[in-house]
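Okay, thanks for making time, everyone. I'll put the model up and then walk you through it, starting at the ligand.

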Amino acid sequence: MNEVIKQLTDHVSIRKFNDRAISEENVNAILDAAMRGATAGNMMSYSIIKIRSKDTLKKLAASCDNQPFIADANLALLFVVDNYKWHRFFELYGIPDAFPEYKGPIINDMILGMQDAMIAAQNAVIAAESLGIGTCYIGDIMEQYEFHRQLFDLPEYTMPATLVVMGYYDKKPQRRSRFNRRFVVFDEQYKKIDDDFIRGMFSEYQDEDSDFAKKFYKRKMDAAFFAEMRRSLQLYLAQWMDL
Ligand SMILES: Cc1cc2nc3c(=O)[nH]c(=O)nc-3n(C[C@H](O)[C@H](O)[C@H](O)COP(=O)(O)O)c2cc1C
């Protein structure tokens, strides 16, 4: 196994950081790696907001569904889906006049921007891990539409794709298990999924008597943060959906 694959397969999210600072040189190396990711049409339809302010990190710890470890991060990178800059470029160079059907970015632009942003984020994660820096994605950044838009001064046609918090750590937690490859990778076509397939896939967590499914659903899908994420995402997505 080569070094890159070893690093990738050793990945664990880190949620306990120590006080050691990430040097500017390393921050820049992480950002360079992020920006070299593949990007649809080479458009780079994202922006990255670099967050080192303790005050902002503390605010995020509260606004991202109360996750106190966010405040202890040394650096957070906010990856923003960004169709605003290209929209401004098109406006500046007469596209709406030349192409009257152009009314602004549409759903295609948003989804491609989301893909670009996540690829950049994962490049940043891989680069950080290669430097011995721990990382954790924070999906809850998609909540609290009004607060986060104001906190980061986000214009129209932008939305947070993900937040990655980073810092050095003392102890690496155990690797978390993944579903077995046969439940994830199919040959040539999607597989016929019968009940036995589903039972096998979840056998590590759920047998006929346990209530894993109910507990999991209650903890995630039935939780207040999920309702808030839905509310917030509907507001973000409305910018693209009505075109
Ligand atoms: C899109 C996304 C959102 C996530 N959001 C959070 C989060 O808000 N808080 C958190 O502690 N971990 C979050 N994680 C980390 C996952 O919980 C973690 O990747 C998963 O449990 C597997 O653990 P591992 O990364 O250590 O292998 C997120 C990961 C992804 C990819």
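So, the shell around the ligand: its largest share, three residues, comes from strand β3, residues 134–138. Keep in mind throughout that this is a predicted model. Who else sits around the ligand? Reading along the chain, you have His-11, Val-12, Ser-13 and Arg-15, then Gln-67, then the run Cys-136, Tyr-137, Ile-138, Gly-139 and Asp-140, and finally Thr-162 and Arg-176. If you like to think in classes, that shell has four nonpolar, five polar and three charged residues.

Let me stay with β3 for a moment. Is it enclosed or open? Four of its five residues are buried, so β3 is largely enclosed by the rest of the structure. Its partner is β4: the two strands run antiparallel, with five bridges joining them. If you want to find the register on screen, look for Cys-136, one of the ligand-shell residues, which stands opposite Val-165 in β4. Gly-134 gives you another pair, opposite Gly-167 in β4.

Now β4 itself, residues 158–167. How many of the ten residues of β4 are buried? Ten of the ten, so this strand too is largely enclosed by the rest of the structure. β4 also pairs with β2, again antiparallel, through eight bridges. A handy pair there is Leu-77, which stands opposite Val-164 in β4.

Okay, next the core. The largest nonpolar core counts 40 residues, and Ala-76 and Phe-79 have the most contacts inside it. Which elements give two or more residues to this core? Those are α2 (24–35), β1 (46–51), β2 (75–82), α6 (107–130), β3, β4 and α10 (224–241).

Take Phe-79 and look at what it touches beyond four places in sequence. It is in contact with Tyr-46 and Ile-48, with Ala-117, Ala-120 and Ala-121, and with Ala-161 and Thr-162. You've met Thr-162 already, by the way: it was in the ligand shell.

Those alanines at 117, 120 and 121 bring us to α6, where they are among the buried residues. The full buried set for this helix is Asp-109, Met-110, Gly-113, Asp-116, Ala-117, Ala-120, Ala-121, Ala-124, Val-125 and Ala-128. What do they pack against? The answer is α2, β1, β2, β3, β4 and α10. As for its dimensions, α6 has 24 residues and spans 35 Å from its first C-alpha to its last, close to the 34 Å expected at 1.5 Å a residue. After the helix comes Gly-132, with a positive phi near 80°.

Across from α6, pick out Ala-33, which lies in helix α2. Leaving out residues up to four places away in sequence, Ala-33 touches Asn-123, Ala-124 and Ala-127. Is Ala-33 buried, then, or partly exposed? Well, a residue needs 20 or more C-beta neighbours to count as buried, and Ala-33 has 19 inside 10 Å, so it counts as partly exposed. For a sense of distance, Ala-33 and Phe-226 are 193 residues apart in sequence and 32 Å apart in space, C-alpha to C-alpha.

A quick stop at the loop between α2 and β1, since two residues there have backbone angles I'd like you to look at. Asn-42 has a positive phi of about 55°, although it is not a glycine. Met-44, in that loop too, has a positive phi of about 50° and is not a glycine either. How exposed are they? Asn-42 has 7 other C-beta atoms within 10 Å, so it is exposed. Met-44 has 18 such neighbours, so it counts as partly exposed.

Let me zoom out to finish. There are ten helices and four strands in the protein, and from the N terminus the order is α-α-β-α-β-α-α-α-β-α-β-α-α-α. The C-alpha atoms fill a box of roughly 65 × 50 × 40 Å along the principal axes. Of the 243 residues, 26% are buried. And how far along the chain do the contacts reach? Among contacts between residues at least 6 apart in sequence, 84% join residues at least 24 apart.

Note on methods: Residues are numbered from 1 along each chain as its sequence is written. This is a predicted model: local features need pLDDT of at least 70, side-chain atom pairs count only at pLDDT 80 or more; totals for chains, interfaces and linings use all residues. A residue is near a molecule or strand if its C-beta atom, placed from the backbone, lies within 6 Å of it. Ala, Val, Leu, Ile, Met, Phe, Trp, Tyr, Cys and Pro count as nonpolar, Asp, Glu, Lys and Arg as charged, and the others, Gly among them, as polar. A nonpolar core is a set of buried Ala, Val, Leu, Ile, Met, Phe, Trp, Tyr and Cys residues joined through C-beta atoms within 7 Å. A residue is buried if 20 or more other C-beta atoms lie within 10 Å of its own, exposed if 12 or fewer, and partly exposed in between; C-beta atoms are placed from the backbone. Two residues are in contact if their C-beta atoms, placed from the backbone, lie within 7 Å. The expected span of a helix is 1.5 Å times one less than its number of residues. Two strands pair if DSSP finds at least two bridges between them.
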